[in-house]
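Someone meeting a structure for the first time may wish to go through it by way of questions, each followed by some reasoning. Please have a look at the sequence and the model below before reading on.

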Amino acid sequence: MAIADTLESTTPSDSSLSDLDASRFLRRRPTATTTAGVQSDTILRPNIRGTDTSPPDHAVDNGLSAPKSFEEDKERSDPAENPNLMEMEKDHGEKDESRDKANSDVSAVRFAYRPSAPAHRLVKESPLSSDAIFRQSHAGLFNLCIVVLVAVNSRLIIENLMKYGLLIQTGFWFSSRSLRDWPLLMCCLSLPVFPLSAFLVEKLASQKDISEPVIIFLHIVITTAAVLYPVFMILRFDSAVLSGVTLMLFACIVWLKLVSYAHTNHDMRKISRSVDQGDVVPSSLDSDYPHNISFKSLVYFMLAPTLCYQPSYPRTTHIRKGWVVRQFIKLIIFTGVMGFIIEQYINPIVKNSQHPLKGNLLYATERILKLSVPNLYVWLCMFYCFFHLWLNILAELLCFGDREFYKDWWNAKTVEEYWRMWNMPVHKWMVRHIYFPCLRNGIPKGVAVVIAFLVSAVFHELCIAVPCHMFKLWAFIGIMFQVPLVLITNYLQNMFQNSMVGNMIFWFIFSILGQPMSVLLYYHDLMNRKGID
């Protein structure tokens, strides 16, 4: 045909045409079977891109007549008059783009990867170099650590079972007299008497029947009795260790809640007097005292997963029953795992150990390192069971809205950060009722921190020493030792200016030097008291 002959006559020879030009030229060259389609398409396509709409000369020469006038051609090519033309144009555009992309890929393969093409173009660091290591993703190495951890612990489990057999016993935690620990049970059931007494005191105070010094004195008596009463019952009756620990934890929680209840109501009375005197107070401190003193709010506070009293709390709208059931199942499973690790791993290690302060130093170091891994697993299970599962279950059942019971303490760079993030209910209580009241009374910041650690050390010692019926002050010393550790880890963090270094130092102190040493000290002192060691 005429068009094919014309294009063939204008095609340069293969020897004078480069590969790239040839590919572009052949892409534009129509075949004989599609010549008529190209001709008609060239005539009928609308002038959307601003090109000339007049028919080419070779189309006229072949007897294909163009429209009689430009107006008639404009009318036929108007998208408003003929919407099908826009669809045709869109299809042609997509085909052209796909064709161009395919040819560009072919060009890249032919020229971009030739032997003469440069393979090195930029200055780059190795992924594990000091300048680039923190900009890389280490997800694969993290997965490797998990695989290695599973493999190593699986071997330890098999080795332990082969050496000791199944050692699931309850004698250390639940003795034969555990079910007869009715004095401790009765003591636990009678603890609500103290919140009720505090409520009666606040009711009298709201009616102005007693003076402020009397109110303070009565609250001191009530809170002190709430702790001393369980201590007396545990020391009077030689009960199992776990029963005593449970009762002391309940007693300490009641004490912390009663202090917050008394302190908050005392502050609301001061605000109410300031309002009555015409003093301006911040809107965030507005209170409805004494109308907010109600028995219902006290009962909710004593049950809620918080240690800080306030007349009302953020609440959720409904209870997710299915979610609660799933959390209960997790709680049972992880509690069983924790008990298995204690009986199968920790007990054999501590029974085969010596007193860390009396035996051979190298042997004591080996026992501490061997105990550190299962002890860390137990502590993590305890944290997950109590702070995540149990407190969230309690919050869900009570529709308690604020569920920030912990923060990402595992990323702590210093000991100070750890204590601020791992136990948020206690941290909020310390800040609200110890730290800032000290600052408002002119006590220096450093002294206020020491006072907060002192209160924490006293209650740690009570929760461990009283159930064990011995006062060696190991828990007290361990908590007070956190004060110099705070200074040391802060100094190291400022010196290295590296979050990874600070976090590694924290984990080393926490899982190697701290808890395993405390476990060995208390175990051997307890065995010595019983005449077993």
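The questions and answers below concern a predicted model, and they take up a helix, its surroundings, surface patches and salt bridges.

Q: How far apart are the end C-alpha atoms of helix 7, and what span should its 26 residues have?
A: Helix 7 runs over residues 139-164, and at 1.5 Å a residue its 26 residues should span 38 Å. The distance between its end C-alpha atoms agrees with that expectation, being 37 Å.

Q: Which residue just after helix 7 takes a positive phi?
A: The place to look is just after helix 7, where the phi angle is positive, at about 80 degrees. The residue that takes this angle is G165.

Q: Is L144 of the nonpolar surface patch buried or partly exposed?
A: L144 is found in helix 7, and together with L128, L141, V148, V152 and L156 it makes a nonpolar surface patch of about 520 Å². Buried would mean under 20% relative accessible area and exposed over 50%. Because the relative accessibility of L144 is 49%, this residue counts as partly exposed.

Q: Where is K208, a member of a patch of positive charge, found?
A: K208 gathers with K270, R273 and R440 in a patch of positive charge on the surface, and with a relative accessible area of 72% K208 is exposed. As for its place along the chain, K208 is found in the loop between helix 9 (193-206) and helix 10 (212-236).

Q: Which residue meets R269 in a salt bridge of 3.0 Å, N to O?
A: Side chains of opposite charge can pair when their charged atoms come close. The partner of R269 in this salt bridge is E212, and the pair links distant parts of the chain, 57 residues apart, with R269 in helix 11 (residues 241-276) and E212 in helix 10. R269 counts as buried, at 5% relative accessibility, and a network of salt bridges links E202 with R269 and E212. The residue asked for is therefore E212.

Q: How far apart are the closest N and O atoms of D402 and K428?
A: D402 lies in the loop between helix 14 (361-397) and helix 15 (415-421), whereas K428 lies in helix 16 (residues 424-440). Both are partly exposed, D402 with a relative accessible area of 33% and K428 with one of 29%. The two form a salt bridge, and their closest N and O atoms are separated by 3.3 Å.

Terms used:
Residues numbered from 1 in each chain as written. Predicted model: local features only at pLDDT ≥ 70, side-chain atom pairs only at ≥ 80, totals over all residues. Heavy atoms only, no water. Helix = DSSP H or I, 4+ residues; strand = E, 2+ residues; numbered from the N terminus. Expected span 1.5 Å × (residues − 1). Patch = residues over 30% accessible without salt bridge, like charges linked within 9 Å, V, L, I, M, F, W, Y side chains within 5 Å. Areas by Shrake-Rupley, 256 points an atom, 1.4 Å probe, with all protein chains shown as cover. Salt bridge = Lys/Arg side-chain N within 4 Å of Asp/Glu carboxyl O. Lys, Arg positive; Asp, Glu negative; His and termini not counted. Charge placed at Lys NZ, Arg CZ, Asp CG, Glu CD. Buried < 20%, exposed > 50% of the residue type's maximum accessible area, 1.4 Å probe, protein only.
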